[in-house]
Amino acid sequence: MKKSIIWFLTAVMALTFGVLLYFQIMYLENMLKMRDEQFSEGVMRSLYATSEFLEREETLYFLEKDVNIIESSFYHDYTNSQAQENSPVDPGSLIPSPTQNLAQRYRNMQEVIRSQYLYQKGLLNEVILSILRESGGRPVMERADSTAIRNCLRTELTNNGMNIPFVFAIYGVRGNMIYSTDGFQENARNNVYSIPIFSNSDTYYNLKVEFPTKRSFIFSSVKFIIPTLILTIILLIIFLYTIILAFRQKKLTEMKADFINNMTHELKTPISTISLAGQMLSDPSIRKSEGTLKHLSEVITEESKRLRFQVEKVLQMSVFDNETSSALKFTTVDANSIIDNVVNTFKIKVEKYGGTLKTDIQAVDADVRVDEMQFTNVIFNLLENAVKYKDEEREPHLEITTKDITVDRLEIRIKDNGIGIKKDDLKRIFEKFYRVSTGNRHDVKGFGLGLAYVKKMITIFGGNIVVESEFGKGSTFIITLPLAK
């Protein structure tokens, strides 16, 4: 699949997920806002009902207390006044006789109804005046009993579909707290609702109610949206991960194609040389010349070594498919001794370019538990890499140093004065099939497996490898390995 198609699909899917997430978040935000408004409306309805309940209770209290006294006093005064006004008249005259005409009866009935109305009106006025006169003097704990407020509020909130815990407090007209229930926080502004009580009397108060679990109550009403939002985010993550894998797979495919091309070239050259030498040996005239025969024999031997070395490099790929160390043979070896052997073998190749290869063995205890053959290949790969990327304008000078950095760790440094590595390449040199760009140089061949193989083996050995490099001046590979116990 082309990169342009992958990028197009990525853009379309990303836009789709973005729009979907936007609408889901907006829907959740609107639902929370609507639930909050519904909550506030239900609370205020409950508070108004509670305020009316308290005022009714206070009115009932005064009615039960004073109505009998007021009624007795008012009725006594009314009776005396009526007796004085009607003393010359026979009391029985107030009762219509059968001989009275219809008009007289109607007037008498009107007079009776009017008298009763004035009596009831006066009685009611006396009760109201008594409430207004005496209510301000009652203690607030009697006027607004906490138990009555709690029961009324709980009933009203339940009727409005809000079975939620609450605490409350009573404040005076000057904003001073008179009393509060346990858990009431005076500074909790967002979850507190207030309403005046006894506002028609001389002394009124404010009832403030707080809902500590308001936020969780509102969220619980829209929690069905949360799973869909989480699933959308999970799908987005999976999609992004799939796109990353697609790009990595495409890049790996390109690197493998480059690897096959390089491998074909590397294997074709020694095979062609060996084939040509074999054809020459079939010529009887050449077999008679000992010098030519010896030369062809040396060519076949060298090319065979070269071919075997390239095949071994290809076989190193199997290491990356095996995440365990079961295929390795771990033994305790002296790292100093192995490094000396590798240096003695590789020194000839360095001196061929007029360079030097030195060792600085400082480690006293260099026993490590590794696969001896793989460890040898690691050192050999690093030395070969240093020669491969040497600076053409100066002779290669390599140095291997070993030293004890802690009581249980060994450090091996391989330093060169080659072309160095750029900062952008330093992050990727240990990746499989990755090859550092060499500019206009075309004599550097390889599969991009050497350093990846080194990193893999050092990790299996329980160690670590890092590189320090300055472009144009050289590189230093630093290996740390645990010492054998």
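The legends below accompany close-up views of a predicted model.

**View 1. The whole chain, with its helices and strands.** The chain holds 13 helices together with 11 strands, and 34% of its 485 residues count as buried. Among contacts in the chain with a separation of 6 or more, 72% are accounted for by residues 24 or more positions apart. The accessible surface comes to about 30,000 Å², and carbon and sulfur atoms make up 57% of that area.

**View 2. The largest nonpolar core, centred on the members that touch the most others.** This core has 41 residues, of which Phe 375, Leu 383 and Phe 477 touch the most other members. At least two residues of the core come from each of helices H10 (335-351), H11 (372-388) and H13 (450-460), and likewise from each of strands E7 (367-371), E8 (397-406), E9 (409-415), E10 (464-470) and E11 (474-482). Apart from this core lies another, of 22 residues, which includes Leu 54, Ile 195, Leu 207 and Phe 211. As a general tendency in soluble globular proteins, nonpolar side chains are buried together.

**View 3. The surroundings of Leu 383.** When neighbours within four places in sequence are left aside, the residues in contact with Leu 383 are Val 342, Phe 346, Leu 357, Leu 398, Ile 400 and Ile 414.

**View 4. Helix H6, shown from its first residue to its last.** Helix H6 covers residues 225-281, 57 residues in all, and its first and last C-alpha atoms lie 83 Å apart, close to the 84 Å expected at 1.5 Å a residue. Its buried residues include the nonpolar Ile 225, Leu 229, Phe 239, Ile 243, Met 255, Phe 259 and Met 263, and also Thr 232, Asn 262 and Glu 266. In an α-helix there are 3.6 residues a turn, so residues three or four places apart point the same way.

**View 5. A nonpolar surface patch that includes Ile 230 of helix H6.** Ile 230, Leu 231, Ile 234, Leu 235 and Ile 238 together make a nonpolar surface patch of about 460 Å². Ile 230 lies in helix H6 and counts as partly exposed because its relative accessibility is 44%, a value between the limits of 20% and 50%.

**View 6. Thr 10 and its contacts with Phe 239 and Ile 243.** Thr 10 belongs to helix H1, which covers residues 3-85. Thr 10 is buried because its relative accessible area is 13%, which falls under the 20% limit. Leaving aside neighbours within four places in sequence, Thr 10 is in contact with Phe 239 and Ile 243, both of which are among the buried residues of helix H6.

Notes: Residues are numbered from 1 along each chain as its sequence is written. This is a predicted model: local features need pLDDT of at least 70, side-chain atom pairs count only at pLDDT 80 or more; totals for chains, interfaces and linings use all residues. Side-chain values use heavy atoms; hydrogens and water are left out. A nonpolar core is a set of buried Ala, Val, Leu, Ile, Met, Phe, Trp, Tyr and Cys residues joined through side-chain atoms within 4.5 Å. Buried means under 20% relative accessible area, exposed over 50%, partly exposed in between (1.4 Å probe, protein chains only). Helices (H or I, at least four residues) and strands (E, at least two) are DSSP runs, numbered from the N terminus. Contact means heavy atoms within 4.5 Å. The expected span of a helix is 1.5 Å times one less than its number of residues. Patches are made of residues with over 30% relative accessible area and no salt bridge: like charges are joined within 9 Å, nonpolar side chains (Val, Leu, Ile, Met, Phe, Trp, Tyr) within 5 Å. Accessible areas come from the Shrake-Rupley method with a 1.4 Å probe; for residues, only the protein chains shown count as cover. A salt bridge is a side-chain nitrogen of Lys or Arg within 4 Å of a carboxyl oxygen of Asp or Glu.
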